[in-house]
Amino acid sequence: MASSGGVVLLLLLLVAQMSAGDVRYQGDDVREDDSLQPTNLSFIAPHASLPFTKTSAAPPTTDSSNSGDLLPAASMSGTTAFSPGSYRVPTLPPSYELQLILHNVYDRETYDVLEREKDGQAHHTLKSKTANLSCIFDTLTADGYVLDGMKCGRKKNLPQRCFCSDRFCRPYVSISAILQFLSQHNASLTSETLSATRVSVWRTTLPNITVEAAFSFTALPMDDAASEPTPMPLYFSLTGDGSVFLQEEGRISLQYRVLAFHPQTATVAELMLTPPGVFCPVDERKRLPKLANQFTLTMETVIENLGTIAYEHQSYDSEEKFVSYTYRPHLHAQDMLFHIIPSRLNSSDRTYRVVHDFRTGVQYMIDEKTSNCSIEDIPVTALDAAVTDNQNIRLRHASELISLDPNTFIYKGTRTVRGILCDVWVADRGTRKGQYSTVEIYFTHQSWAVEFEVLNKRRQVPVGLSSYVADAKNLKEWSSVVHTYFYEYSDSHPSWKEFDVSPCLKRINRLFLLLTLQTSYSELAHYNLDVAKNSIRNVIASIAGVSPLRITDLFLSSRHVTNELDVWFVLLEKPDVVGHVLKPRPQLLMADAYKLLHDITANNKISIKLDLSPHKMLIVTIKCGSLETTSGALHPTMRHKSLRFVQAGYTAGSMAGLGFSMAILGTCIGIFIGFLLWKHSSSIPYQIKD
């Protein structure tokens, strides 16, 4: 260990050189076994108006013979020594940020260390080529968390054990502990003044350990002229028995060089916030908000490691027991309906729309490019299916759609996502197939409101979720990060267009039908036609004994007769599949369903209830004997489709070409007719005489 005078002189030279701007140490013979290696030094004063230029500097060497050669003796005043305890050891402020380079002399390792503390809460970080460790703790109880890469565990006796991984502990003593030790052991003081800068070194030498701390005292422009200069930490060192500081490494030798010091730091909430994706167990729980029993949303999924963005659409209705979602085999590889994870096994680039009918247990998978369709029972492994005790399946509740128990999520804090202040919950999914993963889910903060309609606002709305995956053998960083953000979220009942399976069933057989309701079109339009049509669809399906998915192409038109409304619709044939669901609803064949509907409406006036809004219910009557079959050519929806097809079949260019061709044809016909007329007028008989 260098003498106090040598350390003071070297630190004075360092301060003088930093003030001059760009000066380097010349100690090329610094020994690697007991001093720091040369590195970039950037010292930041507490006041932003006093910047320091980055310089390349080496720390004080422990060889006093070499250190004396480095000093400009003509400019240096004499060294002053004070009796132990005569001057108080400086302390760190309640809020500070300290950036250090730590050199472990015995292990010949160098680390970047960042200490941040505020109001009794601390966050210390150590990084190197082989380590990425952090600890978050309460300075009063010394309890907190230690983060080793992406893993987090609870620890005590912090910060002494801050940088302990599963394999071993890296020796470290916090700066506050060093200063407290010097204060308790009446450290001796050696001081040196150069121009207006004073550097002081406090030192305590015991039989089993030696500790030093160096500060510069510089009058800053913003300091009061009558006040004491601000102490700036420069250098710390300790050598001896590590058990003095509760270290387990035996004898230690640590040297600290201060790179930057700020008397203020982040807020307490920011200090306590762990990195994204990291799960730290806590005792107190804040419950995850409940999802609505029905919703529609568009998902934007960002796959960072692939540089890919994908869009999907999902609809969920627990009351009707229907689910519709976009399915991409090459992206869906894990059991999360709200999230897509790239698959390494499936290279298909097809996109499918999947509709699950949990009333009948039937799955419809429609190719969005070709409209080809496959019909089968809902698989037990479906993302929205839960297996019951008797091996049947049921529709998952909304809270189960993330495929994790909501009680496993812990509240992590707040974070800004897409510019929205969100509450963040995180869950540990454990290790599967050699991969460790966690999931975060975001809800809008209570102070934010999402407006769906006029004067219709919701709070605690889901904003998105993220999954983090790391190799179980290397938890230093995430190997895959996927973010899914929710757009166009609505918690009202999804439109029936989301569950349209007509491409699958109309190829089997279908029947065009018409019946009349004794109500006016304007009365339904006054509320919401889509809601009215959904309610009418449910009523017709209930009377006919079929799934509402088999009632399609529903169209409303007013009649000449006052207070009468025609309902055009198509009845589809039932699929030849029965799923394994709890209490499946029997399905009638198309012919039987039509006969039942006809028999009920032929001789009776059937009153039906239409739910037009949460607070409005309308009772209407089906006109007796109004049910009749019609043809596809007369069905309004089919006519509109044909018209749209014709309109979409001719572009502006083709119409211009057609007009030009017709103009040429008309001109030719006109010339031909003119020639005939001229020929006819020129054929008058005449006689030539001699």
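Author: Accessible areas here come from the Shrake-Rupley method with a 1.4 Å probe. Keep in mind that this is a predicted model. By that reckoning, the protein chain exposes about 35,100 Å², with 53% of it supplied by carbon and sulfur atoms.

Reader: And what share of the 690 residues counts as buried?

Author: That would be 48% of the protein chain. As for its elements, you're looking at 10 helices and 35 strands.

Reader: How should I read the buried part, and where is the largest nonpolar core?

Author: The general idea first: in soluble globular proteins, nonpolar side chains tend to be buried together. In this case, the largest nonpolar core has 43 residues, and Ile175, Ile178, Phe236, Leu238 and Tyr256 have the most contacts inside it. Among the elements giving it two or more residues are strand 4 (95–104), strand 5 (109–118), strand 13 (230–241) and strand 14 (251–262).

Reader: Which element gives the largest share of this core?

Author: Helix 3 does, with six residues. Its buried residues, over the run 175–184, are Ile175, Ala177, Ile178, Leu179, Phe181 and Leu182. Just after helix 3 comes Asn186, with a positive phi near 50°.

Reader: What is Phe236 in contact with, beyond its neighbours within four places in sequence?

Author: From helix 3, look for Ile175, Ile178 and Leu179. The other partners include Glu212, Ala213, Phe215, Leu254 and Tyr256.

Reader: What lies apart from this core?

Author: Another core, of 33 residues, including Ile393, Ala427, Val439 and Val581.

Reader: How do contacts in the chain split by sequence separation?

Author: Take those between residues at least 6 apart in sequence: 59% join residues at least 24 apart.

Technical notes
Residues numbered from 1 in each chain as written. Predicted model: local features only at pLDDT ≥ 70, side-chain atom pairs only at ≥ 80, totals over all residues. Heavy atoms only, no water. Buried < 20%, exposed > 50% of the residue type's maximum accessible area, 1.4 Å probe, protein only. Helix = DSSP H or I, 4+ residues; strand = E, 2+ residues; numbered from the N terminus. Contact = heavy atoms within 4.5 Å. Core = buried A, V, L, I, M, F, W, Y, C linked by side-chain atoms within 4.5 Å.
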